[in-house]
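The following note concerns the structure shown below. Its points are numbered and cover cysteines, sheets and one helix pair.

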Amino acid sequence: MSALTRAVAPAPPVDDALHVAEGRVSANAVVWIVTAVAVAIFWLVATSWRPWDLFARAGFGADFYDQQARAFLRGRLDVDPAIPGPEGFLIDGRTYLYYGPFLSIVRLPVMLFGDLFVARLVRVSMLIAVVVLCRWSARLARAGRSVIGLRTRRDDRWALGLFTAAVAFSPALFAAGWISVYNETELWALTLALIGFVLVAELAASGFDDRRRLIGAGAAAMAATLTRAPIGLGVCVALVVCGVVLLWRSRRSGFDRGRGALLGGLLPVVAHVVVNYAKFASLTSIPGDRQLLSLTDPERAAWFAGNNGSFFSYRFLPTTLVQYLRPDGLRLERLVPGVRFGPLAVDRGSYPAESITPASSLPASATLLLVLAVVGAVWLIRRRNRTWSLLVIAAAVGALPTFMIGFIANRYLIDMLPPLIVAGAIGIWIVMASSWQRAIKVIGVGLAVWGLWVNASLATWTNEYKTLGFTQLRYDIDAAVFPAPSPSLIELVAGGDVPRDGIVALDAQCRGVYMAEQGHWLAIDRGGTRRAAGTVDASDAPTMLARGAEWTLEFVPSEGVLRVVDGAGATTFSQPADLDLPARFEVVLDDVSREYRAVVGDTVVLLPVELSSIAPDAPDGSPSPLCVELRPRL
């Protein structure tokens, strides 16, 4: 009998039926508990610990799928250029998004309500994905159990609970750290691919006689491919290989099953090619050199020119493999939340990465899942189980393109989870069958808690590190527990080198508090000599927004313009604009973060560097409150 059609586990004895039923109920309850914990933590992190903000409008990128759905309702693939901004791709005068259409299709019904739900659905969408991911992870583990051939179910609760926790508290939890199209895409692609692999595994165990599962596997492959093509490709490969084997080995009935599996794997690829060609006139590639960000940034344009206009290349493998597989992808510190990103990746390939952002690694942030995957892979190799080995290999094929992206980002770790999850669904039963039960359970719980802490911490850091409140909270807690000085806190040195990410610097005159971010200083708090804010009223007289030693910045309501008045006269810096007055304004003149701008309502005006800082004796010219508070902690 073919390995693709062999069911390994015998049915449980009849007199054990009650025990089995009770075990399933208990195990199911444990899975629901883990799911509830994962949802609660994800919810809190995604809403910055304000759960009532679940439907709050999110920032840039949160409305991409909404706007694409709106374009679909109009029978178009291109979107308003103002929506994606620099993320859009300019092709023949039209602007396109490179994200797959599936999550936009799902949003079509709510777009009938106009702008009511625009940019408000990402958190809800990802929470639903977490629930589905946890439930189908447990289902995959049950499928893996049948392969091992265990006769009793006394360890179901521990095995299913730990495995669900290993998946839920992996980098999938990190997706809560950025409420945007990027993380939503990653999380749903993982979830949809997992559904596909579960159904393929169950199909193989049933001899591919279950038509509903066959259709479901093909639908999951289609949805995953039209969400994030490389991840969906893994499920497609599994279906195509199964279909080819069935066609090769089976008779007439097997021909029908094989044809169904083959079509289920090929149709998603065809659909992706059709959509990609309709947008970019290319079968599979995305023209990175046609992205607006590349068209307006000469350095980025030169990078794509040197990489054949593509995001992908095998030349990045030395860089990505080392970074994503290194054991030291994290650093511990005493400041809340206690975990931060480790060292930035170092270019090791023959062509440099275009962008290197903070990223951890699979050994550091998916520790329990990685251990289970290694155990499962070793067992599959030793037992020569072709079906599940195929699933692991197919999932790895889907993850491989991520290692060839010329960008380093922590969210890409989510792409690498499918092969770990599939192999781990075998490994959990091998581990739980060990005679060292108590030690295994203690270690398993410890690693699950570690994954929860690490990924929730990194998500919190990513979501909050730019905020004044988070920085103040971290140092308030440190001051309450530890004596001065506080870690990661330095005096700002004008013109000096920018230290590692996360270092907080205080201006000598307390004109601001800054955080190091990828070689630049990011302003956390500014005093009145670097920032002025207030309200402009609907009056005819010009309103002073800020002033320096020899200049005054005014807003002229009658003309809707900003102007600088100095010894040489008046200079206008903005075109007339229709504003709804009164309106809020903000003026920033900061030579540390290199920001010189004025914002009145929605109008943003770049100001000349020569204006320098705001006069100390100007209104609200006080020092940074946070700087004053933190200075004793130096």
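1. Why is the sulfur of C236 not in a bond with the closest cysteine sulfur? The closest cysteine sulfur belongs to C242 and lies 12 Å from that of C236, which is too far for a bond. A disulfide is defined here as a pair of cysteine sulfur atoms within 2.5 Å. C236 also counts as buried, at 2% relative accessibility. Buried stands for under 20% relative accessible area, exposed for over 50%, and partly exposed for values in between, with a 1.4 Å probe and protein chains only.

2. On the basis of the work: this is a predicted model, in which local features need pLDDT of at least 70 and side-chain atom pairs count only at pLDDT 80 or more, while totals for chains, interfaces and linings use all residues. Residues are numbered from 1 along each chain as its sequence is written, and side-chain values use heavy atoms, with hydrogens and water left out.

3. The count of disulfides comes to one. The bond joins C510 to C627, with an S to S distance of 2.2 Å. It links distant parts of the chain, 117 residues apart: C510 sits in the loop between β8 (504–506) and β9 (512–517), and C627 in helix α20 (residues 625–630). Helices (H or I, at least four residues) and strands (E, at least two) are DSSP runs, numbered from the N terminus. The link of C510 and C627 is left-handed, with -80° about the S-S bond. Both C510 and C627 are buried. Another cysteine, C134, is buried as well, with a relative accessible area of 1%.

4. One open sheet has four strands in the order β12-β13-β14-β15, with antiparallel pairing; two strands pair if DSSP finds at least two bridges between them. β12 (543–547) and β15 (569–572) are at the edges with a single partner strand each, so one side of each has no neighbour in the sheet. From one strand to the next, the twist averages 30°. Angles of this kind run from 0 to 180 degrees between N-to-C directions, and axes are lines fitted to C-alpha atoms, for helices over the stretch in contact.

5. Within that sheet, β13 (residues 551–556) and β14 (residues 561–566) pair in the antiparallel sense over six bridges, and T552 stands opposite V565 in β14. β14 and β15 also run antiparallel, joined by four bridges. V564 faces T571 of β15 as its opposite residue, and a hairpin of two residues connects β14 to β15.

6. Another open sheet of four strands has the order β11-β16-β17-β18, again with antiparallel pairing. Its edge strands, β11 (531–536) and β18 (603–606), each pair on one side only. The twist here averages 15° from one strand to the next. β16 (residues 583–590) and β17 (residues 595–600) form an antiparallel pair over six bridges, in which V588 stands opposite R597 in β17.

7. Helix α5 (residues 156–168) packs against helix α15 (residues 367–383) at an angle of about 120°, with the axes 8 Å apart. This makes α5 oblique to α15; angles under 35 degrees count as roughly parallel, over 145 as roughly antiparallel, 65 to 115 as roughly perpendicular, and the rest as oblique. The contact (heavy atoms within 4.5 Å) is made by L162, F163, A166 and V167 of α5 and by L368, L369 and L372 of α15.
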